[in-house]
Amino acid sequence: MILGTYNYWVVIALMMIGLFVVIAHGNLLKKVIGLSILQTSVFILYISMSYISGGTAPILEHGVELYSNPLPHVLILTAIVVGIATTALALALVIRIKETYGTIEEQEIQARDLHEC
Amino acid sequence: MLFTALAIARVKDLFAAVMLMGIYSLLTASLFVVMHAVDVAFTEAVVGAGISTLLMLKALALTGPHQNNSSYRSMLALVVVLISGALLIYGTWDIPPFASASAPIHQHVAPHYIQNSMQETGVRNVVTAILASYRGFDTFGELVVVFTASVGVMGLLAVTHPHDKYHDGDAAAMQQHLILRIVVKMLIPLILIFALYVQFHGDYGPGGGFQAGVIFASAIILYSMVFGSHAAQQVVNRTVIQILAALGVLIYGSVGIVSLLMGRNFLDYSALLPDPVDGQHLGILLVELGVGITVAAAMIIIFFSFSDRVVSEEVSPE
């Protein structure tokens with residue numbers, strides 16, 4: 001019963017690793033990497049929910065009755081592409097910050113902001 | 001996969017982290033295949049392991065590969081992470097077990113899609129049917145998000161044209177790799193044909209506009225990596241790409257408007273042809289085409305913006 005939900009445990013572990021990277025690392029690029037780990041864990045959450053044991057991929061065939069749930073697949077498919085677009089936007093912001101401040105370490109950026117005030 | 005993720009969290013060298021990220025994405029894609037989500041696996045393999053790693057490398061080239069030894073809040077982070085992780089695991093107590101066919105998620109709209117999508121849309125791949133027809137509104141919105149993000153990247157990284165246009169560090173270095181150049185020349189047509197196959201075969205097998213767009217873009221990106229972005233921009237003109245990105249969104253939107261003018265709801269493709277099923281099929285094809293064009297153009301725009309930045313950094317002495 002308890003072991004039956006192990007897929008969610010894997011998802012939670014990945015999610016927490018992503019969250020840890022986002023909080024603990026000061027490097028902005030590393031934060032973006034952490035965010036995308038967090039993002040992937042959500043993808044896995046959806047896809048593992050749509051899985052049915054004994055089912056097959058949702059492409060209709062004669063004589064097959066049980067398909068895995070196609071709806072989460074659609075949501076995640078578009079989410080992946082949207083995810084890369086937003087990641088690209090984040091990376092562009094990081095590059096601009098690097099050009100303006102000369103660093104992408106959070107602490108150094110804050111120190112420079114305080115210095116200028 | 002967990003180990004890869006842990007390694008990413010620990011490793012200090014950002015270059016290694018980005019490379020591990022590629023491995024991690026590939027593992028995720030394999031996991032999706034095991035879970036029968038072929039369309040999603042396809043997308044993750046193309047986007048996560050391909051384009052995303054590449055963009056991160058480009059960003060890395062601009063920001064420098066070293067990270068300060070600054071795990072300054074790791075104790076706090078660990079506490080936060082452990083508490084929220086424990087709460088989430090507590091939450092799984094009430095969730096139905098993995099892979100059971102009687103879970104609530106499989107009870108409501110999903111059976112309708114699986115049983116009726118063949119009669120209603122004439123498309124065998126249920127994922128494509130839902131993507132383009134049943135949930136056409138969502139997909140339209142997501143397409144607009146991709147388009148907006150590419151416009152945003154362009155705005156953030158817009159370069160005043162580099163002074164010495166013919167300076168192309170990558171290309172000069174690549175001149176010596178004869179085998180690489182010839183293999184790439186042989187591969188690019190195959191990649192382009194494969195992209196078109198994925199685009200128009202999405203009704204019958206895994207694939208569709210999103211994947212095809214990214215594959216198409218990756219062919220152009222491969223060309224620009226080996227022959228230099230200057231050469232690549234002679235092949236695919238920047239203005240044309242920008243117009244194409246908008247055109248894809250327009251195709252999608254105008255299919256919706258046409259069905260509105262025919263007296264049906266927005267994006268109700270049954271109105272397009274006398275036979276509703278044929279109309280649905282045509283609508284799905286057109287909409288997927290719009291998706292493919294915009295995604296390909298948006299990815300190319302994003303890549304060019306990044307690589308132009310790298311070139312102009314090299315040119316202008318700091």
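This text walks through a predicted model, from the outline of chain A to the interface with chain B and then to single residues.

Start with chain A. It holds four helices and zero strands. Follow the chain along its sequence and the pattern reads α-α-α-α. Now look at the outline. The C-alpha atoms of chain A fill a box of roughly 70 × 30 × 15 Å along the principal axes. A compact globule of 117 residues would have a radius of gyration near 13 Å. Chain A has 20 Å instead. Even so, buried residues make up 57% of the 117 residues in chain A. Contacts within the chain can also be sorted by distance along the sequence. Take those in chain A with a separation of 6 or more: residues 24 or more positions apart account for 44% of them.

Next comes the interface. How many residues of chain A are in contact with chain B? The count is 81 residues of chain A, against 94 residues of chain B. The size of an interface is often given as the accessible area lost when the parts come together. Here, chain A and chain B bury about 7,800 Å² between them. Carbon and sulfur atoms hold 76% of that area. Three residues stand out on the chain A side: Y51(A), L60(A) and L77(A). They supply 9% of the area that chain A buries against chain B, more than any other three residues.

Which elements build the chain A side of this interface? Helix 1 (6-24), helix 2 (28-50), helix 3 (70-101) and helix 4 (106-116) of chain A each give two or more residues. Helix 3 gives the most, with 25 residues. Sort the residues on the chain A side by type, and they divide into 52 nonpolar, 20 polar and nine charged. What about specific pairings across the interface? The count of salt bridges between chain A and chain B is zero. Two residue pairs are in polar contact across the interface, both at pLDDT 80 or more.

Now zoom in on one residue, N69(A). It sits in the loop between helix 2 and helix 3 of chain A. Is N69(A) buried or exposed? Its relative accessibility is 2%, so it counts as buried. Its surroundings come from both chains. N69(A) touches S50(A) in chain A, and I105(B), H106(B) and A110(B) in chain B, leaving aside residues up to four places away in sequence. A polar atom of the N69(A) side chain also lies 3.2 Å from the backbone nitrogen of L71(A).

Where are the salt bridges? The structure holds two over all chains. One joins the side chains of E99(A) and R96(A), with N to O at 3.7 Å. Both residues lie in helix 3 of chain A. They are three residues apart, about one turn of the helix. E99(A) is partly exposed, at a relative accessible area of 33%. R96(A) is partly exposed too, with a relative accessible area of 33%. The other salt bridge pairs D138(B) with R135(B). Their closest N and O atoms are 2.8 Å apart. D138(B) has 30% relative accessibility, so it counts as partly exposed. R135(B) has a relative accessible area of 26% and is partly exposed.

Stay in chain B for three more stops. The first is S25(B), in helix 2 (residues 14-34) of chain B. What is the relative accessible area of S25(B)? It is 6%, so S25(B) is buried. Its side chain and that of E44(B) are joined by a polar contact of 3.4 Å. Beyond residues up to four places away in sequence, S25(B) touches E44(B), G48(B) and A49(B).

The next stop is H36(B). It lies in the loop between helix 2 and helix 3 (38-63) of chain B. Check its backbone: phi is near 65°, a positive value in a residue other than glycine.

The last stop is I257(B), found in helix 12 (residues 238-261) of chain B. With a relative accessible area of 43%, I257(B) is partly exposed. Compare its position with that of L267(B). The two are ten residues apart in sequence. In space, they are 7.3 Å apart, C-alpha to C-alpha.

Methods:
Residues numbered from 1 in each chain as written. Chains lettered and ligands numbered in written order. Heavy atoms only, no water. Contact = heavy atoms within 4.5 Å. Buried area = accessible area lost by both parts, 1.4 Å probe. Salt bridge = Lys/Arg side-chain N within 4 Å of Asp/Glu carboxyl O. Polar contact = N/O pair within 3.5 Å; in protein donor to acceptor, adjacent residues only side chain to side chain. Nonpolar A, V, L, I, M, F, W, Y, C, P; charged D, E, K, R; others polar. Buried < 20%, exposed > 50% of the residue type's maximum accessible area, 1.4 Å probe, protein only. Rg over C-alpha atoms; globule rule 2.2 N^0.38 Å.
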